[in-house]
Amino acid sequence: MLDTLLPILIFSALALAVIGAVRRVRLWRQGRPSPVPILQGLAAMPRRYLVDLHHVVARDKVMSNTHVATAGGFVAAAVLMILVHGLGFANPMLGGLLLAASALMFVGSLFVAKRRRNPPARLSKGPWMRLPKSLMAFSLSVFLITLPTVGVLPEGTGSVILALALVAVLTWGLGEMFFGMTWGGPMKHAFAGALHLAFHRRPERFGEGNRSTGLKALNLDDPKAPLGVETPSDFTWNQLLGFDACVQCGRCEAACPAFAAGQPLNPKKLIQDMVVGMAGGSDANYAGSPYPDKPIGEHAGSPHGPIVAREGTALVDAETLWSCTTCRACVEECPMMIEHVDAIVDMRRFLTLEHGNTPNKGAEVLDNLIATDNPGGFDPGSRMHWAADLNLPLMREVGQVDVLLWLGDGVFDMRNQRTLRALVKVLRAAGVDFAVLGNEERDSGDVARRLGDEATFQSLARRNIATLSQYRFQCIVTCDPHSFHVLGNEYGELGGKYEVRHHSTYIAELYEAGRLHFAPWKGGKVTYHDPCYLGRYNGEYEAPRNVLRALGIEVSEMARSGYRSRCCGGGGGAPITDIPGKQRIPDMRMNNVRETGAELVAVGCPQCTAMLEGVVDGPAEVRDIAELVADALVERSAASGNSRAAQPSVEEVTP
């Protein structure tokens, strides 16, 4: 009887899965076109799954091993089951492999069951709580019906009732594994996730050491091109595919600084809201953590309805989008490689460009950028007032240098001026041939772009590119990771391709070349805060630490450091939109500093400096790496001095 029922059951499940897959693809194809290399993507999918994705999963060793056993066992068992019980290739070798695969899957399902016994808050509950039972049902039933194939049990063992019971259990397992994979359920991520890896909107992310973090430019010259995303169908089809791949593991939720601060943002809930909008309906069945202080069941939408409505029910509240600091902690932690930040900025673009709906001081800052080329609205002619005594060489006077020092809008901030003066001192001590743009420099456009004003960003970027094209230099050096990122990763799409270095990287190179010498560190305990736009955006974690080690400092690492560093709260225009929460993000970060017992926190970003120094009763002094290096200089190289201008001594530029 099993010989008759099993092929019918297996191929019926496969047929339903194919129907579900077609239906799922139609949901994704509601999105805007996005050309992808189909065959190339499918060919790359195995490596992206086994290497790139597993690299993220492997950060949790227990879950990594569980994933290998459960997912690997399932894929092998499904293929072998079709061969052995579906197509009738029942020989002891294939049967033995099927037994091994189903047993491996069963072991993995035991670990899944253990995980679900007392799940952490970040994991979604609801349908996900039945997943261990479904995995066990599939693996155990496949194992038992295969025993006669390898001769462990004689053919026809057991009664008809037992056989029917076994088929019923297998039907349950097949329903979750095959039917649910394409129609919706806890296993949906397996189907959508695999295709998401193949057709990812950022294929350049994949491969050892590769990184793609720059925002995609809007085509402002095309009157038919949408200005951002108003409805779910305005996303590209492979973005919708990416949302559908969410496994609801909650790693993004656990990493999100806005969620931890009690602001109305949960990255996992946001992605699930996009899935709801893609299919149509409400969030009433969502089984995870809600947005803080926002109950489940209040949001609904449709593929062609607005994501953020001015009145009435919508998928997302505007303040949810404006809570994001664009720190990419969610993207870094996501095992399905979903691009949360891209989606958030896309939706912000519509609110800003189409409705001018930028909260709090957002509109004022954007107006300042348009009128004065800087977010503070300062007189552009005062950009170099802080350096009146430094006699800095200007590019318009020299034309060609080794290093163009990009100052950034920190020139208008008295605190950051200390960092810039320290950096000038270091460059001169190392004999670096450098110059600055002076009043020709404009804001890089980072704030405008993160606030969704793509038009102002592109205007600033194109004017900066036109200015830079007049001069010759080997590289750009800046102490601002936001400028570093935008100049190096986002100007290229507009025609400005430059070699850009963060000042910590450049200082480390100068030290390695023997051009800098330091006195031994005699201060207290030091920790280091990784800026998001230097670390997660650009993968630079070691250079700042190498500089600190060169100073004789042994860094006392915070619990969240490196790629898991907690954001200071200063990125993405968050201090400008200023969405309230239960606590402040920089306060949480300073609590991390307090836990180390450090007396000083070293930073490498003017935004981080401002946010951390703004903490009342902070436990540690905040100093930029350039300041620490400038204080430790003990001698001047024989080649010291910038040949382009008369140079004051090292002592004369002490910050």
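How accessible is Val107, and is this residue buried, exposed or partly exposed? In this predicted model, Val107 is partly exposed, its relative accessible area being 41%.

**View 1. A nonpolar surface patch formed by Val62, Val107, Leu110 and Phe111.** Together these residues present about 350 Å² of accessible area. Helix α4, spanning residues 92-117, supplies the largest share of the patch, namely three residues, and Val107 is found in this helix. Because the relative accessible area of Val107 is 41%, this residue counts as partly exposed.

**View 2. The surroundings of Asn266, in the loop between α10 (257-260) and α11 (267-279).** Asn266 is buried, with a relative accessible area of 0%, and its side chain reaches the backbone oxygen of Ser289 at 3.0 Å. When neighbours within four places in sequence are left aside, Asn266 is in contact with Glu253, Phe259, Tyr286, Ser289, Pro290 and Tyr291.

**View 3. The salt bridge between Lys269 and Asp283.** The side chains of these two residues meet at 2.8 Å, N to O. The pair links distant parts of the chain, with Lys269 in helix α11 and Asp283 in the loop between β1 (281-282) and β2 (300-301), 14 residues apart. Lys269 counts as buried at 1% relative accessibility, and Asp283 counts as buried at 2%.

**View 4. The salt bridge between Glu333 and Arg564.** The closest N and O atoms of this pair are 2.6 Å apart. Glu333 lies in helix α13 (residues 329-333) and Arg564 in the loop between α22 and α23 (574-577), so the salt bridge ties together parts that are 231 residues apart in sequence. Glu333 counts as buried at 6% relative accessibility, whereas Arg564 is partly exposed, with a relative accessible area of 33%.

**View 5. Helix α22 (residues 542-550) and its cover.** Ala543, Pro544, Arg545, Val547, Leu548 and Ala550 are buried in this helix, and what covers the buried residues includes α21 (503-512), β7 (526-528), β8 (600-603) and α26 (625-632). Just after α22, Gly552 takes a positive phi of about 90°.

**View 6. The salt bridge between Glu621 and Arg623, and a network of shared partners.** The side chains of Glu621 and Arg623 meet at 3.8 Å, N to O; Glu621 is partly exposed, with a relative accessible area of 44%, while Arg623 counts as buried at 17% relative accessibility. Elsewhere, salt bridges that share partners join Asp346, Arg349, Asp446, Arg449, Arg450, Glu454 and Glu490 into one network. The structure holds 41 salt bridges.

Notes. Residues are numbered from 1 along each chain as its sequence is written. This is a predicted model: local features need pLDDT of at least 70, side-chain atom pairs count only at pLDDT 80 or more; totals for chains, interfaces and linings use all residues. Side-chain values use heavy atoms; hydrogens and water are left out. Patches are made of residues with over 30% relative accessible area and no salt bridge: like charges are joined within 9 Å, nonpolar side chains (Val, Leu, Ile, Met, Phe, Trp, Tyr) within 5 Å. Accessible areas come from the Shrake-Rupley method with a 1.4 Å probe; for residues, only the protein chains shown count as cover. A salt bridge is a side-chain nitrogen of Lys or Arg within 4 Å of a carboxyl oxygen of Asp or Glu. Helices (H or I, at least four residues) and strands (E, at least two) are DSSP runs, numbered from the N terminus. Buried means under 20% relative accessible area, exposed over 50%, partly exposed in between (1.4 Å probe, protein chains only). A polar contact is a pair of N or O atoms within 3.5 Å; within protein, one must be able to donate a hydrogen and the other to accept it, and residues adjacent in sequence count only if both atoms are side-chain atoms. Contact means heavy atoms within 4.5 Å.
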